[in-house]
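User: I have a structure open and would like to work through it step by step. Can we take it as questions and answers?

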Amino acid sequence: MSLQQITVLGATGSIGLSTLDVVARHPDRYQVFALTGYSRLDELQALCLQHRPAFAVVADEASAKRLQGALVAAGSKTEVLFGEAALCEVAGHGEVDTVVAAIVGAAGLRPTLAAVEAGKKVLLANKEALVMSGALFMQAVHDSGAVLLPLDSEHNAIFQCLPGDYSRGLSQVGVRRILLTASGGPFLQTPLEQLATVTPEQACAHPNWSMGQKISVDSASMMNKGLELIEACWLFDAQPAQIQVVIHPQSVIHSMVDYVDGSVLAQLGNPDMRTPISHALAWPERIDSGVSPLDFFALARLDFEAPDEQRFPCLRLAREAAEQGGTAPTLLNAANEVAVSAFLQRRISFAQIPSIIDRVLSSEPATAATCLEDVFAADSRARTLAAQCVNQRGEA
Ligand code: NAD
Ligand code: MG
């Protein structure tokens, strides 16, 4: 078997590190072609020495010089590049087979699209890229023949529970509903009046998953589930009404598909991202992920409840944006990125996240997005508006 060449965009993050853990277990299958990182240069340096990629990509020239110097001194042959154009280059490079898209937020869109346009096997963690540019992104997948596989645990579970020919249409293959499970995050039981004063540390303390800061806050607000609802609509060509969010605090069932004959198929496993990563890396084969087997006798119980949109207004905002279409999800995503970053910097309260997004969505009309420039224009208008809201509210 020839070695698959892999580029990991966002190698220093939570998904990037889990990917490299799996890759290191299978040196007979995978070789790292490029690793990219943004701020954690020392970590990236250690990863380069361990995985010996041909290329590493960092944010700017000064970081590139620093990392290149350190790598040369350590005897490494890795060439260090910098900037967005370099991210796109290592994503679409002729020698690459598989690209793991694990940059967080809108910054991942262009490099992920570069991989898609080059017809790569693209393992998508960077849900924001798909949410902000859904129609154009899926059109690019269609045009290039790229193989797009979801790493998000829920979407990976849904993919596993759907028949191979689901692209014929969900109703054609007998699907009644997609049941998108959600843990409910750390604030599922917190009294509503206390939500205004929760801290970034509390928001990032997810009960089941260890993740980057932004997605941890999104999980606490349930915007993560809202983004995932939009992500599922694009990946599986579903209408928002075909997707039911189900709170399942144990995160053992990673999502389900409900068929017209009454059968419900679920994918279960320990909450460890190495399972969906291994699934997508090896698909259609199966490989060892290092994840321990699910112990049914240790599982005390599996609970389910309906989501409360009063507690989690972000879920309602995302569903409305999904229904509205056009640039509405782009605006939602951009406003959320600004609000989450302001919350992490303690400039606004947790409860102000949905109100800022709501204000941006009600003051900025959604339009059709016919090209990437439309997407970035909407993204930038929403960021400006959201930043104004942060400044006003932060001072209030
Ligand atoms: P993280 O914060 O741990 O890592 C983010 C990575 O992106 C880092 O390598 C960082 O260097 C890079 N990065 C950040 N800003 C950048 C920029 N402006 N330009 C280039 N690179 C930049 O995040 P994560 O938890 O690994 O999440 C990554 C993506 O995967 C997110 O879109 C998230 O929603 C998705 N995801 C994560 C998990 C999880 O368990 N962590 C699960 C499902 C989906
Ligand atoms: Mg998820």
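Analyst: Start with a term: two strands pair if DSSP finds at least two bridges between them. Keep in mind that this is a predicted model.

User: In what order do the seven strands of the open sheet stand?

Analyst: This sheet is open, and the pairing in it is parallel. Neighbouring strands are turned by 25 degrees against each other on average, direction ignored. The seven strands stand in the order S4-S3-S2-S1-S5-S6-S7.

User: Why is one side of strand S4 and of strand S7 left without a neighbour in the sheet?

Analyst: Strand S4 covers 79-82 and strand S7 covers 147-150. Both stand at the edges of their sheet. One side of each is left without a neighbour because each has a single partner strand.

User: Which residue in S3 stands opposite Leu-35?

Analyst: Take the two strands, S2 with residues 30-36 and S3 with residues 55-58. They run parallel, and three bridges join them. Opposite Leu-35, in S3, stands Ala-56.

User: Which strands stand at the edges of the sheet of four strands?

Analyst: That open sheet has mixed pairing and the order S9-S8-S10-S11. Its neighbouring strands are turned by 20 degrees against each other on average, direction ignored. Two strands have a single partner each, so one side of each lacks a neighbour in the sheet. These edge strands are S9 (243-247) and S11 (264-268).

User: What is the bridge partner of Met-256 in S11?

Analyst: Strand S10 spans residues 253-259. S10 and S11 pair in the antiparallel sense, over five bridges. In S11, Met-256 has as its bridge partner Ala-266.

User: Now the ligand. Which residues come nearest to ligand 1?

Analyst: There are 21 residues around ligand 1. To count as near, a residue needs a heavy atom within 4 Å. The nearest are Thr-12, Ser-14, Ile-15, Glu-128 and Gly-212.

User: How far is an oxygen atom of ligand 1 from a polar backbone atom of Gly-212?

Analyst: The cut-off for a polar contact is 3.5 Å between N or O atoms. An oxygen atom of ligand 1 is 2.9 Å from a polar backbone atom of Ile-15. For Tyr-38, the distance from a ligand oxygen to a polar backbone atom is 3.0 Å. For Gly-212, it is 2.8 Å.

User: Which domains each give at least three residues to the shell around ligand 1?

Analyst: The shell divides into eleven nonpolar, seven polar and three charged residues. Helix H1 (14-24) and helix H6 (127-144) each supply at least two residues of it. At least three residues come from each of domain 1 (4-150) and domain 2 (152-307).

User: Is the peptide bond from Trp-283 to Pro-284 cis or trans?

Analyst: Most peptide bonds are trans. Pro-284 is found in the loop between helix H11 (274-282) and helix H12 (313-324). The bond from Trp-283 to Pro-284 has omega near 5 degrees, and it is cis.

User: What is phi of Met-222?

Analyst: Most residues other than glycine have a negative phi. Met-222 is found in the loop between helix H9 (213-221) and helix H10 (223-236). Its phi is positive, near 70 degrees.

Note on methods:
Residues numbered from 1 in each chain as written. Chains lettered and ligands numbered in written order. Predicted model: local features only at pLDDT ≥ 70, side-chain atom pairs only at ≥ 80, totals over all residues. Heavy atoms only, no water. Polar contact = N/O pair within 3.5 Å; in protein donor to acceptor, adjacent residues only side chain to side chain. Nonpolar A, V, L, I, M, F, W, Y, C, P; charged D, E, K, R; others polar. Domains from an automatic or database assignment. Axes fitted to C-alpha atoms, helices over the stretch in contact; angles between N-to-C directions.
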